[in-house]
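I set out to record how the parts of this chain meet and what surrounds its ligand. My entries follow the order in which I looked things up.

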Amino acid sequence: MRSIIYNKYGGPEVLEVADVEKPEPDANSILVRVKASSVNPVDYKVRRGDMKIMSGKKFPKDAGSDFAGVIEKAGEAVAGYKKGDEVYGFLNPMKGGTYSDYLIADPANVSLKPERFSFEQAASMPIAALTALQALNYLGNVNEGTTVLINGATGGVGSFAVQLAKTLGAEVTGICSENNMKLCKDLGADEVFNYAEEELNKSGRKFDVFFDAAAKSTFSKSKKFINSRGIYITTIPGIGVIINRIFNFLPFKKKSKFIMVKSSGIDLAILTGFAMTDTMEPVIAKSFKLEDVADAQELAESGKFRGKIVIKID
Ligand SMILES: NC(=O)c1ccc[n+]([C@@H]2O[C@H](COP(=O)([O-])OP(=O)(O)OC[C@H]3O[C@@H](n4cnc5c(N)ncnc54)[C@H](OP(=O)(O)O)[C@@H]3O)[C@@H](O)[C@H]2O)c1
């Protein structure tokens, strides 16, 4: 079978198509015929070696974390899934393996994909939409009437966050570049600000939750935008967040949290539920073929896209 691998850390050019052995599931796992994947920042960060403290020095490495596909074989101890089920999920980004014709997954970490979505749409969701769901729902406790500010509101995480926050009943304000302001409104944001301008600063607005989906702000800069008991949630913690977390027992009024996305079939099933009720629509920037994964990652690193970049595998 085909699989994208790399033998050293580096630019997109290190990615190559290899002919590798098709894996065999054990009693507790499923073999998935991969139909589509997508690109997340973590995929190119791992490939560049930015995270080598976690990804290690052993090569060759497999690439890709998100997937959507069809179960080809379920181990004899697997309950709840069978051959032919259309599923989606993500593999540990430090290990990769979804830019492949087949992969092995833990059934606890997948869910049936939303029926109305193509495999490419479904593959755009796992890491980005789960990050948004887990940050807003579990860390931010966002619900009816919560005021939420989303930074990077038209990126992979942000585009799902705007839609999920609206679905949870929040009043949503998005921050994005000038070019993406209309898209941000179309995703459902009640109000949109351009991050290159000072409008939001001048407005004096304050929010219950500041979700820094793009991780382009900091806890100290965010404080003026959050209510006295507000919370700042980021996808990448800076020193301010770490200090605030360590001294969490002190009566700081404003809190910060950081999201570390967890693979969860239960949370994916929640996303499938939202997707089935038409309250969520992935934004697909561009689709690439498996052999063009290097071009896909290059575009992702350039930042010149909106929503998600997907890989069509079948
Ligand atoms: N901790 C976790 O578990 C976790 C999970 C998922 C992602 N992440 C991290 O979260 C970050 C975002 O991921 P993603 O998939 O959403 O990335 P992405 O799709 O590349 O989106 C990046 C976003 O950043 C916005 N942006 C660029 N410069 C900005 C600025 N100065 N101010 C505000 N926004 C700005 C872009 O907006 P414009 O296009 O409008 O310029 C774009 O919407 C990445 O660093 C990723 O590694 C962490």
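**Entry 1: the ligand.** I began with the ligand and counted 29 residues around it, of which the closest are G155, G156, S177, A214 and T235. The model I am reading is a predicted one. I then sorted the shell by class and obtained 15 nonpolar, 12 polar and two charged residues. Next I asked which helices and strands each supply at least two residues of this shell. I found α1 (41-48), α4, α5 (156-167) and β10 (171-176).

**Entry 2: the domains.** I looked up how the chain is divided, and noted domain 1 as 2-125 + 282-312 and domain 2 as 128-258. I recorded 28 Å between the C-alpha centres of the two domains. Their contact draws on six residues from domain 1 and seven residues from domain 2. On the side of domain 1 that touches domain 2, I listed two nonpolar, two polar and two charged residues.

I returned to the ligand with one question: where does it lie with respect to the two domains? Both domain 1 and domain 2 give residues to the shell, so I placed the ligand between them.

**Entry 3: α4 against α5.** Both helices had appeared in my entry on the ligand shell, and I next examined their packing. The axes of α4 and α5 come within 8 Å and cross at roughly 50°. An angle from 65 to 115 degrees would count as roughly perpendicular and one under 35 as roughly parallel; α4 and α5 are therefore oblique to each other. I noted the crossing of the two as right-handed. From α4, the contact uses A128, A129, T131, A132, L133 and L136, and from α5 it uses G156, V157, F160, A161, L164 and A165. By class I entered 10 nonpolar, two polar and no charged residues for this contact. G156 of α5 is in this contact, and I had already listed G156 among the closest residues to the ligand.

**Entry 4: α4 against α10.** I then turned to the packing of α4 (residues 126-139) with α10 (residues 265-276), and read an angle of about 90° with the axes 10 Å apart. These two helices are therefore roughly perpendicular to each other. On α4, the residues in contact are P126, A129, L130, L133 and Q134; on α10, they are D267, L268, I270 and L271. I classed the residues of this contact as seven nonpolar, one polar and one charged. A129 and L133 of α4 take part here, and I had entered both in the contact with α5.

Terms used: Residues are numbered from 1 along each chain as its sequence is written. This is a predicted model: local features need pLDDT of at least 70, side-chain atom pairs count only at pLDDT 80 or more; totals for chains, interfaces and linings use all residues. Axes are lines fitted to C-alpha atoms, for helices over the stretch in contact, and angles run from 0 to 180 degrees between N-to-C directions. Helices (H or I, at least four residues) and strands (E, at least two) are DSSP runs, numbered from the N terminus. Angles under 35 degrees count as roughly parallel, over 145 as roughly antiparallel, 65 to 115 as roughly perpendicular and the rest as oblique. Two residues are in contact if their C-beta atoms, placed from the backbone, lie within 7 Å. Ala, Val, Leu, Ile, Met, Phe, Trp, Tyr, Cys and Pro count as nonpolar, Asp, Glu, Lys and Arg as charged, and the others, Gly among them, as polar. Domain bounds come from an automatic or database domain assignment. A residue is near a molecule or strand if its C-beta atom, placed from the backbone, lies within 6 Å of it. A crossing is left-handed if the near helix is turned anticlockwise from the far one by less than a right angle, and right-handed if clockwise.
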